[in-house]
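Please open the model in your viewer and keep the sequence panel beside it. The tour below goes from one selection to the next and says at each stop what is to be found there.

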Amino acid sequence: MPEGDTIFRSARAMGRALVGKPITGFRSTLPLLTRFHDDNPITGQTVDRVESRGKWLLIHFSGGATLATHMLMNGSWHLYRTGERWHRPARDMRIVLENHDYQAVAFTVPIARIYTAQALAREKRIPPENSDVLGDQFDPTAAAARIRAHAEKEIGEVLLRQQVLAGVGNVFKSEICFVEGVNPFCRVAWLTDMQIAALVGTARKLVAANVLEDSGNMIVTYRGQQRRTTHGAKPQDSLWVYNRFGGECRRCGSTIRHRLQGADARVTFWCESCQPMPDGSNIDGA
Ligand SMILES: [Zn+2]
């Protein structure tokens, strides 16, 4: 599953290649999109803006419509110079959007829809613009209030809700809680306002640090002595706790634990010593 920073990078690269330029071609294997294009040709319009909202990538056209795609597990947008060979087979193509210099190709995107501005504003599945931790409009106070609204839920589960804090994926969830010393199984109601504000700030900081031009697809929250270029480095070498169960905590040496969390049973990693429950109670689990 691509994390929010990956989608953000795709949006940024696509924005550079597409924004302000006339669209010279549009095709799709998805009937809803081709029908829309038949009625309101996208060819000839320009791309106004490309943005990420959590795991959604939105392409806004000058005619007022927006193409929204969700990558789920296997979907991706690739950007090619005109004439360049695709890195995935043509049968995986779902959408092609091209201008004079570039082809943007969506491969195996499972969800793709075109919205009018009004329909986009009404769509509850797509996070609002100010909820993306990487967005210019991100509002930390509003984000903290959205977290508070889930008082009875565990913070680890709430951090993953894209309507609450878009752009935070499962890797970041564990890392954010560790950095702030918050137990991921702690109910929101038990957290102080300061802790919630700190979690929001750290979410933005950690995700933003991973959209640097050179960060590739590897998520880095822990730098330690590790050189990023080390050959044979494992992805978890650059993380505090994620995928490190059974290993030693980088701060205290205790054993990193893991456990499935929430209705979606997403795996959560934490250090019991560095991330105690507020009342000192122990929790069940491996
Ligand atoms: Zn620890």
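Begin by selecting Leu58, which stands opposite Ala68 in strand 4. Since this is a predicted model, everything described from here on should be read as a property of that prediction.

**The hairpin around the starting pair**

Widen the selection to strand 3 (residues 56-61) and strand 4 (residues 66-70), which pair in the antiparallel sense over five bridges. A second pair to display in this ladder is Ile59, which stands opposite Leu67 in strand 4. Following the backbone from one strand to the other, you trace a hairpin with four residues between strand 3 and strand 4, and in the turn Gly64 has a positive phi of about 105°.

Now keep strand 4 alone and colour it by accessibility. How many of the residues of strand 4 are buried? Five of its five residues are buried, and the strand is accordingly described as mostly covered. In a regular strand the side chains alternate between the two faces of the sheet. Turning strand 4 in the viewer shows Thr66, Ala68 and His70 on one side, with Leu67 and Thr69 on the other, and the residues of both faces are all buried.

**Out to the whole first sheet**

Next add strand 8, which pairs with strand 4 in the antiparallel sense over five bridges. To find the register, select His70, whose bridge partner in strand 8 is Ile111. With the remaining strand added, you have an open sheet of four strands in the order 2-3-4-8, with antiparallel pairing. Strand 2 (47-53) and strand 8 (111-115) stand at the edges, and because each has a single partner strand, one side of each is left without a neighbour in the sheet. Looking across this sheet, the twist from one strand to the next averages 15°.

**The second sheet**

Move on to strand 5 and strand 7 (residues 102-107), which pair in the antiparallel sense over six bridges. A convenient pair to label is Leu79 and its bridge partner in strand 7, Ala104. These strands belong to an open sheet of four strands whose order is 1-6-7-5, again with antiparallel pairing. Its edges are strand 1 (25-28) and strand 5 (76-81), each with a single partner strand, so one side of each has no neighbour in the sheet. Here the twist averages 15° from one strand to the next.

**A residue of helix 1**

Select Leu18, which lies in helix 1 (residues 4-18). Is Leu18 buried or exposed? At 2% relative accessibility, Leu18 counts as buried. If its neighbours within four places in sequence are left aside, Leu18 is in contact with Val47, Leu97, Asn99 and Ala104; Ala104 was met above as the bridge partner of Leu79. For a distance to draw, take the C-alpha atoms of Leu18 and His100, which are 82 residues apart along the chain and separated by 9.6 Å.

**Two helix pairs that share helix 7**

Two packed helices are described by the angle between their axes and the distance between the axes. Select helix 4 (residues 140-148) together with helix 7 (residues 193-209), whose axes come within 9 Å and cross at roughly 120°. That angle makes helix 4 oblique to helix 7, and the crossing of the two is right-handed. Showing side chains, you find Pro140, Ala143, Ala144, Ile147 and Arg148 of helix 4 meeting Asp193, Ile196 and Val200 of helix 7. By class, the residues of this contact between helix 4 and helix 7 divide into six nonpolar, no polar and two charged.

Keep helix 7 and exchange helix 4 for helix 6 (residues 170-179), which packs against helix 7 at an angle of about 125°, with their axes 9 Å apart. Helix 6 and helix 7 are therefore oblique to each other, and helix 6 passes helix 7 in a right-handed crossing. The residues to display are Phe172, Glu175, Ile176, Cys177 and Val179 in helix 6, which meet Leu199, Thr202, Ala203, Leu206 and Val207 in helix 7. The contact of helix 6 with helix 7 has eight nonpolar, one polar and one charged residues.

**The chain as a whole**

Finally, clear the selection and show the entire chain, which has seven helices and ten strands. Of its 286 residues, 48% are buried. Among the contacts between residues at least 6 apart in sequence, 59% join residues at least 24 apart.

Definitions and conventions: Residues are numbered from 1 along each chain as its sequence is written. This is a predicted model: local features need pLDDT of at least 70, side-chain atom pairs count only at pLDDT 80 or more; totals for chains, interfaces and linings use all residues. Side-chain values use heavy atoms; hydrogens and water are left out. Axes are lines fitted to C-alpha atoms, for helices over the stretch in contact, and angles run from 0 to 180 degrees between N-to-C directions. Angles under 35 degrees count as roughly parallel, over 145 as roughly antiparallel, 65 to 115 as roughly perpendicular and the rest as oblique. A crossing is left-handed if the near helix is turned anticlockwise from the far one by less than a right angle, and right-handed if clockwise. Contact means heavy atoms within 4.5 Å. Ala, Val, Leu, Ile, Met, Phe, Trp, Tyr, Cys and Pro count as nonpolar, Asp, Glu, Lys and Arg as charged, and the others, Gly among them, as polar. Two strands pair if DSSP finds at least two bridges between them. Buried means under 20% relative accessible area, exposed over 50%, partly exposed in between (1.4 Å probe, protein chains only).
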